[in-house]
Amino acid sequence: MEHVLQLYQEESCLLDALADFVGAGLRLEEGVVIIGSTPRWDLLLERLRLAGVDAQAPVLRGQLRLLGTHLLRASLFNRQRFNEVVSGALSLARARYERVRVFSELTDALWRDADRANARVVERYWQPLLNVHDFKLLCACPIDSLEGQAYDGSLQELCAAHTHVHPAFDEQGFEEAVSGAVAEVLDAQQARMLHALSVAHRPLAQMPPGQAILFWLKDNMPRTAERVMSRARARWSE
């Protein structure tokens, strides 16, 4: 079971990550279900075309399918109906493909609509389905993890609901920005201690070291965390 959270700030970055996710599934002969909106579906197909991936043939043979988010948003207050809709889509894909992967736009759409309560509800809905159907799930959320306000408990709760967290599509750039900021704000001995503590007390979800460092700092040294994030944002924008 793999439940990935992709954080993003720009639509183009999310589309790159989504195209990689979908393209990998198509190459591995997996069934791919997109729970999303028609505009993003169209952008995804175009992004795949530009990457040299033939998406039309998988659509025609049912390997790549779109399930509108409106069908599931209408089921947010009826967990049984939510399970039925998702299970039906998964069973249809599994009938022809041994492995299935899913991208869900639900958390993303709810977050953008400022409906954080239901965004958290959706994440709770996924866990039993993942245990039963054993598929790979990618979710997205428009959160900047270099902004202090993201750490009001919402980001922590979202991360706890996933097995993997990707703080930015350019993870190497993110890591360089955080590590460089830490080196600017702390002396060498303090930086070594910070790395050791963040490893020892890192969240259960797998994430890059830089993200684990920011979590530890926000929980234990909030003022230092703000200074590190400020310098990391400056480095990120260079």
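**Pockets and helix packing in the predicted model**

The residues lining the second largest pocket divide into three nonpolar, no polar and seven charged. In this predicted model, that pocket has a volume of about 150 Å³. Its lining is formed by Met1, Glu2, Glu30, Glu98, Arg99, Val100, Arg101, Asp134, Phe135 and Lys136. Among these residues, Met1, Val100 and Phe135 count as nonpolar, whereas Glu2, Glu30, Glu98, Arg99, Arg101, Asp134 and Lys136 count as charged.

The largest pocket encloses about 220 Å³ of space. Fourteen residues, written as 14 in the count of the lining, surround this space, and Gln156, Ala160, Pro203, Leu204 and Ala205 are the ones that lie nearest the centre. Two elements, α8 (154-160) and α11 (209-220), each give two or more residues to the lining of the largest pocket. Of these, α11 provides the largest share, with five residues. By class, eight nonpolar, five polar and one charged residues make up the lining of the largest pocket.

Besides contributing to the largest pocket, α11 packs against helix α12 (residues 222-237). The axes of the two helices lie 6 Å apart and meet at an angle of about 140°. Angles over 145 degrees would count as roughly antiparallel, and the value of about 140° therefore makes α11 oblique to α12. On the α11 side, the contact is made by Leu214, Leu217, Lys218 and Asn220. The α12 side contributes Pro222, Thr224, Ala225, Glu226, Val228 and Met229. Taken by class, this contact of α11 with α12 has six nonpolar, two polar and two charged residues. Lys218 of α11 and Glu226 of α12 are the charged members of the contact, while Asn220 of α11 and Thr224 of α12 are the polar ones.

With regard to the overall fold, the protein has twelve helices and six strands. Its radius of gyration is 19 Å, close to the 18 Å that the globule rule gives for 238 residues, so the protein is as compact as a globular protein of that length. Along the principal axes, the C-alpha atoms of the protein fill a box of roughly 60 × 40 × 30 Å.

How values were computed. Residues numbered from 1 in each chain as written. Predicted model: local features only at pLDDT ≥ 70, side-chain atom pairs only at ≥ 80, totals over all residues. Heavy atoms only, no water. 1 Å grid on protein atoms, 1.4 Å probe; cavity = no way out; pocket = protein on both sides within 12 Å on 5 of 7 lines; lining within 4 Å. Points joined across faces, edges and corners; volume = space filled by probe spheres on them. Helix = DSSP H or I, 4+ residues; strand = E, 2+ residues; numbered from the N terminus. Axes fitted to C-alpha atoms, helices over the stretch in contact; angles between N-to-C directions. Parallel < 35°, antiparallel > 145°, perpendicular 65-115°, else oblique. Contact = heavy atoms within 4.5 Å. Rg over C-alpha atoms; globule rule 2.2 N^0.38 Å.
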